[in-house]
Each structure stands twice: as C-alpha cells, then as structure tokens.
Amino acid sequence: MGFSAQLAEVRFGYGMSPVVAPPASPEAMLTALAAPDEMATRFPIDSFDRFSAWVVETRKLRKAFQKTKNQEKREAYRAARRAQNEVGMEWAMRAMLRCTHTQSGFRERLVAFWADHFTAKGKIGLLRTATAPYIEDAIRPNVTATFGDMLSAVVTHPLMLHFLDQNRSTGPNSKAVKRNDRLEGLNENLAREVMELHTLGVGGPYSQDDVRQLAELFTGLTFGFGEGFRFRRGFAEPGAEQIMGKSYGGDPARLEPVLEALNDLAVHPVTARHIASKLAVHFVSDTPDEGLVTHVTERYLASGGDLMAVYTALLEHPAAWDTPRGNVKPPVDFIASGWRALAVDPDHVARLRRRDMRRTLVNPLRDMGQPWQDPNGPDGWPEQDAAWITPQGVAMRLRWAVSAPQVLCPDLPEPMGFVASTLGDFADEHVQFAARAAESQSDAIGMVLAAPAFQRR
Amino acid sequence: MTKALSRRAFLARSSLIGCSIAASPLLTPMSFAAAPWDTRLVVIILRGAMDGLDVVRPYGAPEYSELRGALGGEAPDLDGFFALHPALVRLMPLWAKGQLGFVHAVSTPYRDKRSHFDGQDLLEAGTDALNGSRDGWLNRMLGEVGGVEARTAFAIGHGEMKVLNGPAPVADWSPDANLVLSPQALRLAQMVMQDDPAFHAALTEALMLSDMDEEPGPLSVTVDEDEPMAPPPTPPSKAHLKVAEFTADQLRNDTRIASFSINGWDTHNNQSRAIQPALGRLADTILALQAGVGEAVWQKTAVVAMTEFGRTARLNGTGGTDHGTGGAMILAGGAIRGGRVYGDWPGLDEASLFERRDLMPTQDVRAPAAWILRGMAGLDQATLERVVFPGLQMGADPGLLL
C-alpha cells in the first residue's frame, strides 16, 4: 500500500477534482503547503481589523438612531447589518471555492481542523460574521508555524477573548476592581478551556487550582473594537501565579509571562500527545493506529511543536495510508468535496441568488447538523462517525446530493465520467450501476455523492 | 411524464426487487406492540450547565441576596423558601396543579474538573465515572425491561443523544428531515449504501420515519425543478417547538420514552439576561408537550430535565456564573407528584458550599431518575443500582411519581 495520490486527495484534502491534479507524493503535499497561499489571495476574506472597523462604524449608526429615534437612521443601521449578513454568506461561498480550486487541499483541511480545535464565535448579533475573519488572522497564517505561535495568536485574539469571556475578567485585587465596584473579579472560562481543550486535554495533569491560577495570570488580556488586542495592566491580579508547579509573572504585570505560560503548555508532553491524537483521529480514523499517534507525538516533542515537522510525521507513517477509509466526512466537508467534484465555477457562484446560497449551503448544513461556523460550544464539532450517520443526517445528505448540484453547476457532468473523476479506484459496482440506471442526470450525480465511497475517507 | 406511486407501494416493491431493507428489524409493519408500561417519560438534557440557584431561587437563605445581588423581576414564590425564575412564570399553573416540581442540590458523581463535555458524558452514561462506555442509561433501562419495539424510545433533534446510545433499538429522528425524492432515487440510494451497514441502517430508518404522520401521498417520479430543496426553514427561535410537537405526536402513539436537548445554559456573563432565552425555550417545550399529548396522556407523562452540573454560588466578575457542582432537576407532567421542591438543602453559608464556591450536592442526580424508572417500568432496585446506574445508592423513595 503506502502513498496513493487518490487517497491523498480524499483523506487529506477535499476529495478528487476533475480539473486539479492530485499531489504526486507526501513531499509534494508538504511543498504545496509551504508555498504561498494562493487561495487566500484569489478568494479573499476580510481580516479581523477590517471587520472591527465595520463593527465600530455600525455601532455609531446604532447609537445615532437610538439617540434620535430617527427612522432614516434606523434604516441606515439595519441596512448595514443586512449588508454584513450578505458579506458573511459571501465568505462562506469563498471558503467553499477555496476547497474547490486549491492545489493544496491539505492546507484547507488544516485550516478547518485548527479552526475547530480553537473554536471561537461571536455571541452577540453584531459579531455574527466574526468567525471567518478570526480564522483568517489567527489560524490560517499559523497552520505552518509552531503550535505555540498559533496558541498565542488565538489566546490574544479579540474573538477568543470575547467568546470565552476573558475580556472583562479582572483580578480580585486589581486596580480596576478597587476603583470600580461593578468590576469584581475573575472569569475562569478561557483559562479552563485553554487547559482542557486547547492544550493538555481533559485528562491532563491540572487541577481546579491551576485553572484559577491561569485565570489570574490571564487577567489583563482584553481588546477593544478599533484598537484590537490590549494588555490592561489595571485589570491584572497583582503577584505571581503558580501553575502546575511553576511560578509565572509578578509585579508589574506584563504580557510576557502569559506568553511564557502558553508556550510551556504548548510544548508539554501531554499536549503533544493530545494534539497528535486529535490529528490522527481527524485525518485517519476514529480509532487510530497507536504507532501513528506515538510517532507524531515524538516528532512534536522533538521539534518543539513545529507543525510542518508534525505533518511530515503524520504523512510519512504507513498507517496514514494503510488504514481503511472509515472516517465519515462531516457535513461541511461533504458539501465542500461535492463542490470540488463538480469543479464549481467561481463565475457561476458570483451569479447565484441569495436564495440559492441559502438552499444549497446554509440550510442544508443546519439540517445535516453542522450550521456554518456555529458549533454549540468551545469543543467544536464531534469527530465520531456515529454523530453524523444518523437517519436525519443521511436523509439530508441524500437530498442535497440529488438537488444541489444542478443549482451549483447548471451543466451537470456526464455521469459515468463523474464516477471516474470523483471516486477513481474507490468506485464499486453499485455506484456504477446507479449512475447508469438513474432516470435523470441529477439523480445520477446524486447517487455518486450519496455513495459511502464518497462520504467516507 | 410523471407516474404516481405511493410510498408504501414503493417500499413493498423495493423489498421484492432485492433490496435488503426487508430484512431490517426496523421495517416491521406500522403497528407496534404496545410497550410493557403506560407512563411516558421525556428526558431533556439541558446542555451548558443550568444555574439551579437562579432557576429555583433559595431566596429564604440569608446569604442568597449577597451572593447573587439584585436579581430584578418578580420571582413567583414556590414554598416560602424557594422562588421560581420569572422567565418560568408561565409554568406556575402547573405548579399549582402539582404537575411541576424540582429536586435541588443534585449532581452526577462528576467532581472538580467542571468540563461541560465530560459532565454531559457522565450524565448520559449514568455511570460512576467515565469509563469509555458508549451506552446511555436510558438504553440500558430499555435492555432490562424487554419487549421494546423500534419506536418505544425516540432520540429527537439534530444533536446526538448519548443517553439513548446502546444495543436496545431506539428510533432517531428530527422532524424536518423528511425525504422528498423520487422512488427510483430512493431505491438506488439504498443500493449504493447496501454494503455499508451504518449508512444503510440510517437510510432505512429515515425511510421509515419520513412523513410518518402524514398520509403516504403520491410521489412524483420526475424531479420537479421548482420543488424546494428543503421545507421552508423554521426560524431557529421556533425549532424547539417543532421538536416538542413531534415528541408529543410520538408519545400519543407507541412511544414511551423520548429524549432531546435544550442548549444555551452556559451563562458566564450577565446571568440575568443570558439565561432568559434558554428558560423561554424550556417553558415553551413543557407547555407544547402538555398541549400536544392531550389531557389523558399528560396525566401519564413525566418530564425530567437534567443538566451536567450547576454553577458557582457567587456571581463572577462579569455578572455571570462559572462552572459549579450542585444543581437542580426539573420535573413536570401529570404523572409527577409536583408542587414541591425535593432534596436535602445544604445551605449557602461559605462553609456549606462545595470547595467554598459551589452549591454542595447532597444527592446523586441519578437517584431521582432511578426512582422514576422504578415507578414507571417496575424495574427492581437491584437492577437499577447495578445495571442502569451502576454504583448508585438510590436511598429512600422520595415518591416522585403519583
């Protein structure tokens, strides 16, 4: 067995494309990953700074109408909100187009993997579309950096500080609390999730006390729209904090000890294993080969969490290629790989009506159980296949498969050619038969996309 | 050209042409044997850790106002010590009729780490500790009572309900997933999935459940280009009502156990505002269940809402509450002996708090659940303590069911 170009696309990318050649080797996958990020340029998504500027402007509009109760001003505010919702939809379509046309499916998968690992989203209406700019800033440029760099970028990012309530957490003995009665203390949310979800994992060697100490160390991490991240010394709890047996910080409070603690968490052996195991589960199998996890863990530790080295270890291990295709694509990946199989044309997407975008992307994702960039909690989406192969999930996938392609791709491909370009060596006789026997072209395409050979990777 | 074909005729025909769905235990005829008991149980998992101290407020405790500050709103009094959150005032008529009750200061055996996800896993597993088992306690209960049919128990909605996971048959459906495909497309889909047991089973069940409460109307053989892909989207604010109505439909028939989730309880910030939407959904859900099942079935219904843990006794620095330990359980329905707050109240003075921060749990949340299972399905105590909730000591019967 070993490396196969088709499996590389299916397992580590968004499936096979009729127009983009698959990678020739694991080395080629890594080279493409290290190359400039073409898709980010070709299908741009705003940076968080730009998004924040929109938030500042829109708040002004809201204030203006709240003050005057003027109908025109109210309409101006509403129009800004509506326009931004359209922009958010546009970003979702661009994310799909990146998966469709990229030469490095692995990069897009890694962006999605880390965006899920570091789940953050807006909790108020104005921030409904904030996730895509967050991913663009904190995740995407860092997928080839070190894990510690990505962790620091995420933990100091305004959206994460907002999502996990760090922004208003204050040291109980801080200056700010002494001056202002309404501010009165700690919020543990971010500190807990950094240990439980982002680094050590829930079984990790930390206690409630460590969570509290880390929360105290985190006091001062704040942001403002328009000004971005800001370390506010006045919020910080005075004194040093003891976290897992090591002392951090002291007076005066500074950002550096926070980054030092994050870096120590990032290179902790338990974190290495947690991350290696998550990568193996996500890319290879719900129950990955133990040797694979150990191999990736060791490389993680040896390289200090250098992610290119970690991916190299993942791709060079035989289990990455010899494990049977069992993992079920979650709904976003199912739809994105459908786009790629259909080679959906960006010019056609630009002409789609809002209603078509909703009924081919937003609504089906919700109904399949994975509303776009809106997981329930900071632990992101489930990895277990059983979470997705439910009667309603499978029913919605089947519905999408037979009805969305004709909207996305008015010239549907010839079915037998579509079987070959989409499933390659993975096509079985049932799919071949179904693609021939279907009474309409859209049903034929649908059967290929509904086949387990397409849905598993 | 279109040719009409009824769904039932299609199912019959497709079994004749060799699709293996005929062998599926889920494709037994539409009439199901009645379950071996008559009480209906609805288990609602409140994901995100509901703040029991805000929902069932111990205003009679001297420390409460100091811990929680000014709460605002008129909290209807329950029993002179506890008051109900104002967002649940619509449930007060149920309280007056003895059809609403609470168990306070309960928790799972989970301690210290306060992770939502582990907390929920343990709540749904019903075990003493997380041991990697994937079975849920409701499924183990079904395994013990026997005579369970495909639709005796239902997991409803888009999220996974681990509480019903396991070998006993459980139906699994979301009310907005009906299949609207041509019969040929369905037949071919069954064929392409036939060698993959998991996909095949899920599709077979989907076929069974599609339109199950509608007449099997004619299906168009050609795909109508203008046919909407999906039913008109339900506004997210109403999705919970569809779940409750669908649940009620099932409970009027052969279903005896249903389970679904209500999310949105993780009130780290601004408690007084953040908890309102979730409480609104909870009240809507209970009232929609009551209206949907009708008076006769409501008299035989027990609704049990439970959460992974409670929240800190004190408000945090942002006017919210962090992850805690002891919480509250909500009971509703005509089968419940309501009108009272059960549980051993631990007090709120600092020394009585768990780790000086959380409401002290004085009872395992599994115990009231076990007593309800005992009352409705007649399981003996040894089975409940060894199999359904391994390691549990049920204690004295609190008499939760009428």
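**Exercise 1. A helix and its partners**

Which residues of helix H16 (residues 307–316) of chain A are buried? Then find the helices that these residues pack against.

*Solution.* This is a predicted model.
- Step 1. Apply the cut-off: a residue is buried if 20 or more other C-beta atoms lie within 10 Å of its own.
- Step 2. In H16 of chain A, A:Leu307, A:Val310, A:Tyr311, A:Ala313, A:Leu314 and A:Leu315 are the buried residues.
- Step 3. Look at what they pack against. The partners in chain A are helix H2 (26–34), helix H8 (147–155), helix H14 (269–283), helix H15 (290–303) and helix H17 (319–322).

**Exercise 2. A residue in a loop**

Locate A:Leu352 and classify its exposure.

*Solution.*
- Step 1. Find the place. A:Leu352 sits in the loop between helix H19 (346–351) and H20 of chain A.
- Step 2. Count neighbours. A:Leu352 has 17 C-beta neighbours inside 10 Å.
- Step 3. Compare with the limits. Buried needs 20 or more, and exposed means 12 or fewer. A:Leu352 therefore counts as partly exposed.
- Step 4. Take one distance. A:Ala215 is 137 residues from A:Leu352 along the chain, and their C-alpha atoms are 47 Å apart.

**Exercise 3. A hairpin**

How do strand S1 (residues 221–224) and strand S2 (residues 228–231) of chain A pair, parallel or antiparallel?

*Solution.*
- Step 1. Read the direction. The two strands pair in the antiparallel sense, over 4 bridges.
- Step 2. Pick a facing pair. A:Phe223 is opposite A:Phe229 in S2(A).
- Step 3. Inspect the turn. S1(A) and S2(A) form a hairpin with 3 residues between them. In that turn, A:Gly226 has a positive phi of about 95°.

**Exercise 4. Chain A as a whole**

Describe the make-up and dimensions of chain A.

*Solution.*
- Step 1. Count elements. Chain A contains 26 helices and 4 strands.
- Step 2. Test compactness. The radius of gyration of chain A is 23 Å, close to the 23 Å from the globule rule for 457 residues, so chain A is as compact as a globular protein of that length.
- Step 3. Give the spans. Along its principal axes, the C-alpha trace of chain A covers about 75 × 65 × 40 Å.
- Step 4. Check burial. Of the 457 residues in chain A, 52% are buried.
- Step 5. Do likewise for chain B. Chain B has 13 helices and 13 strands. Of its 402 residues, 55% count as buried.

**Exercise 5. Domains in contact**

Which elements of domain 1 of chain A give two or more residues to the side that touches domain 3 of chain A?

*Solution.*
- Step 1. Set the bounds. The domain assignment of chain A gives domain 1 (22–142), domain 2 (161–254) and domain 3 (331–455).
- Step 2. Count contacts. 14 residues of domain 1 of chain A are in contact with 18 residues of domain 3 of chain A.
- Step 3. Name the elements on the domain 1 side. They are helix H5 (71–101), helix H6 (105–117) and helix H7 (131–139) of chain A. H5(A) provides the largest share, 8 residues.
- Step 4. Sort the residues on this side. There are 7 nonpolar, 4 polar and 3 charged.

**Exercise 6. Where the chains meet**

Which element gives the most to the side of chain A that touches chain B?

*Solution.*
- Step 1. Count both sides. 50 residues of chain A are in contact with 47 residues of chain B.
- Step 2. List the candidates in chain A. Those giving two or more residues are helix H11 (189–198), helix H20 (354–368), helix H21 (391–403), helix H24 (429–437) and helix H25 (441–450).
- Step 3. Choose. H21(A) gives the most, with 9 residues.
- Step 4. Sort the chain A side. It divides into 22 nonpolar, 17 polar and 11 charged residues.

Conventions. Residues are numbered from 1 along each chain as its sequence is written. Chains are lettered from A and ligands numbered from 1 in the order in which they are written. This is a predicted model: local features need pLDDT of at least 70, side-chain atom pairs count only at pLDDT 80 or more; totals for chains, interfaces and linings use all residues. Two residues are in contact if their C-beta atoms, placed from the backbone, lie within 7 Å. Ala, Val, Leu, Ile, Met, Phe, Trp, Tyr, Cys and Pro count as nonpolar, Asp, Glu, Lys and Arg as charged, and the others, Gly among them, as polar. Domain bounds come from an automatic or database domain assignment. The radius of gyration is taken over C-alpha atoms; the globule rule is 2.2 Å times the number of residues to the power 0.38. Two strands pair if DSSP finds at least two bridges between them.
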